[in-house]
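Visitor: Please show me the model, and then let us talk through its salt bridges.

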Amino acid sequence: MLLKKIELLCITSNRTDVSYHRQVEQACLGGADMIQFRDNTLHDGDFLKIAVDLKKICRKYDVLFTVNNRVDIAAAVDADGVHVGQKDLPVEYARKILGSSKIIGLSASSYEQAKFALKQDINYIGHGAIYSTQTKQDAVTRGLSVLKDIKQISQNIPVIAIGGIDKSNVADVIGAGADGVAVVQAVCGAKNIKKEAEEIKNIIKNIRTNK
């Protein structure tokens, strides 16, 4: 499928004080274009049940709903798509399961991985970590130079930057060529989720308008 403009992709944060349902609704209200449900600790039944609920919330606000890694869950709940990493189910098999109409994003932390990703049937590349991040402490920080190089070869495949991005640096990331940004702690981990989403989205819009 042709992916509509994704400027702000919000990934759920595994926190105990705010439910996934509230995180997603507040992110949607703040202007998220896509929600990605991620939690590696849940049992399958609980993951499935929450995914069904989160998809309903996203539908209410006309926001895309995707699932991290779990192609089976994405298929079961008829999500808009899935995001897979380099060590997850290969894209060709994810595509066989989900079909041609679904979104598949693939992580690419290096220029070489991005080149290989572009040969596959994907809808976007997730590149990072741009900056240091608490979400994946073992992730290698790439900065903006690799992002610029990847964007030069990405053609019509959007590049979504991830890793330590917030309102203090999102302008630099978009300025370096990212089509959009994926955030976890900056929005779903924030005290005021809606406000943070709005502020990041407005920064992106202002950059686009002034180009």
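Guide: Buried means under 20% relative accessible area, exposed means over 50%, and partly exposed lies in between (1.4 Å probe, protein chains only). This is a predicted model, in which local features need pLDDT of at least 70 and side-chain atom pairs count only at pLDDT 80 or more, while totals for chains, interfaces and linings use all residues. Residues are numbered from 1 along each chain as its sequence is written, and side-chain values use heavy atoms, with hydrogens and water left out.

Visitor: How many salt bridges does the count come to?
Guide: A salt bridge is a side-chain nitrogen of Lys or Arg within 4 Å of a carboxyl oxygen of Asp or Glu. By this rule, the count of salt bridges is 15.

Visitor: Which residue does the side chain of Asp-179 meet in a salt bridge?
Guide: Asp-179 is partly exposed, having a relative accessible area of 23%. Its partner is likewise partly exposed, at 25% relative accessibility. The N to O distance of the pair is 2.7 Å, and the residue that Asp-179 meets is Lys-151.

Visitor: How many residues apart in sequence are the parts that Glu-7 and Arg-208 tie together?
Guide: The side chains of Glu-7 and Arg-208 meet in a salt bridge at 3.4 Å, N to O. Glu-7 lies in the segment before strand S1 (8-11) and Arg-208 in helix H8 (residues 193-210), so the parts tied together are apart in sequence by 201 residues. Helices (H or I, at least four residues) and strands (E, at least two) are DSSP runs, numbered from the N terminus.

Visitor: Is Glu-7 buried or exposed?
Guide: The relative accessible area of Glu-7 is 6%, so Glu-7 is buried.
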